[in-house]
Amino acid sequence: MGASIADNDLDDDADFSETHEINVTPFIDVMLVLLIIFMVAAPLATVDIAVDLPSSNAEQQQKPDKPIYLTLKPNLSLAIGDSPIGRDQLARALDSATGGNKDDRIFLRADRSVPYGDVMAVMNELRAAHYLKVALVGLEMRQAK
């Protein structure tokens, strides 16, 4: 009986030596499947979607004494304050409104129906006129409700 117990112990040791190896093949298979899923899903996640942007819920910032509002109307015409201006007159009108100070902040208001590309075109015109401090104006939450 004693010899058979010793033989069983040797067989048990042989079984344990095989379980010490970690089989990584299933792990690699799962990772490859996940990689393929993400490679297929990533381009689908970058589809252009029409978005109606919400109102701003940021805290109200202190405005300067005389803010300079540049308004982009739905018909794509521009106005500084209440005075309509042409696109070719934008730089001169801003210079007269700011007194030539290029560091003054320009508050850009655009109608919700104006395409994003047209807003960017106005911002590019502001950059070309060397007005780099531009603030976008949105509805405050209490006004939006």
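Modeller: A residue is buried under 20% relative accessible area, exposed over 50%, and partly exposed in between. This is a predicted model.

Biologist: Does E125 count as buried, exposed or partly exposed?

Modeller: The relative accessibility of E125 is 25%. The in-between class runs from the 20% cut-off to the 50% cut-off. So E125 counts as partly exposed.

Biologist: Which side chain meets that of E125 in a salt bridge?

Modeller: The distance from N to O in this pair is 3.2 Å. One partner lies in the loop between β3 (83-85) and α3, and E125 lies in helix α4, so the pair ties together parts that are 38 residues apart in sequence. The partner has a relative accessible area of 31%, so it is partly exposed. That partner is R87.

Biologist: How many salt bridges does the structure hold?

Modeller: R87 and E125 form one of them. The side chains of D95 and K102 also meet, at 3.0 Å from N to O. D95, at 28%, counts as partly exposed, and K102, at 30%, does too. The number of salt bridges is two.

Biologist: What pattern does the protein chain follow along the sequence?

Modeller: The chain has five helices and five strands. Read along the sequence, they give α-α-β-β-β-α-β-α-β-α.

Biologist: Which residues touch the most other members of the largest nonpolar core?

Modeller: This core has 17 residues. At least two of them come from each of β1 (68-72), β2 (78-80), α3 (90-98), β4 (106-110) and α4 (116-128). Those that touch the most other members are L70, L78, I80, L90, L94 and I106.

Biologist: Leaving aside neighbours within four places in sequence, which residues is I80 in contact with?

Modeller: I80 is itself one of the core residues that touch the most other members. With those sequence neighbours set aside, its contacts are I68, Y69, L70, I85, A93, L94 and A97.

Biologist: Which residues does D118 touch, not counting those up to four places away in sequence?

Modeller: D118 sits in helix α4. Its relative accessible area is 23%, so D118 is partly exposed. Its C-alpha atom is 7.6 Å from that of a residue 42 places away along the chain. Outside its sequence neighbours, D118 touches L72 and L76.

Biologist: What share of the residues of the protein chain count as buried?

Modeller: The chain has 145 residues. It exposes about 11600 Å², with 58% of that supplied by carbon and sulfur atoms. The buried share of residues is 16%.

Key: Residues numbered from 1 in each chain as written. Predicted model: local features only at pLDDT ≥ 70, side-chain atom pairs only at ≥ 80, totals over all residues. Heavy atoms only, no water. Core = buried A, V, L, I, M, F, W, Y, C linked by side-chain atoms within 4.5 Å. Buried < 20%, exposed > 50% of the residue type's maximum accessible area, 1.4 Å probe, protein only. Helix = DSSP H or I, 4+ residues; strand = E, 2+ residues; numbered from the N terminus. Contact = heavy atoms within 4.5 Å. Salt bridge = Lys/Arg side-chain N within 4 Å of Asp/Glu carboxyl O. Areas by Shrake-Rupley, 256 points an atom, 1.4 Å probe, with all protein chains shown as cover.
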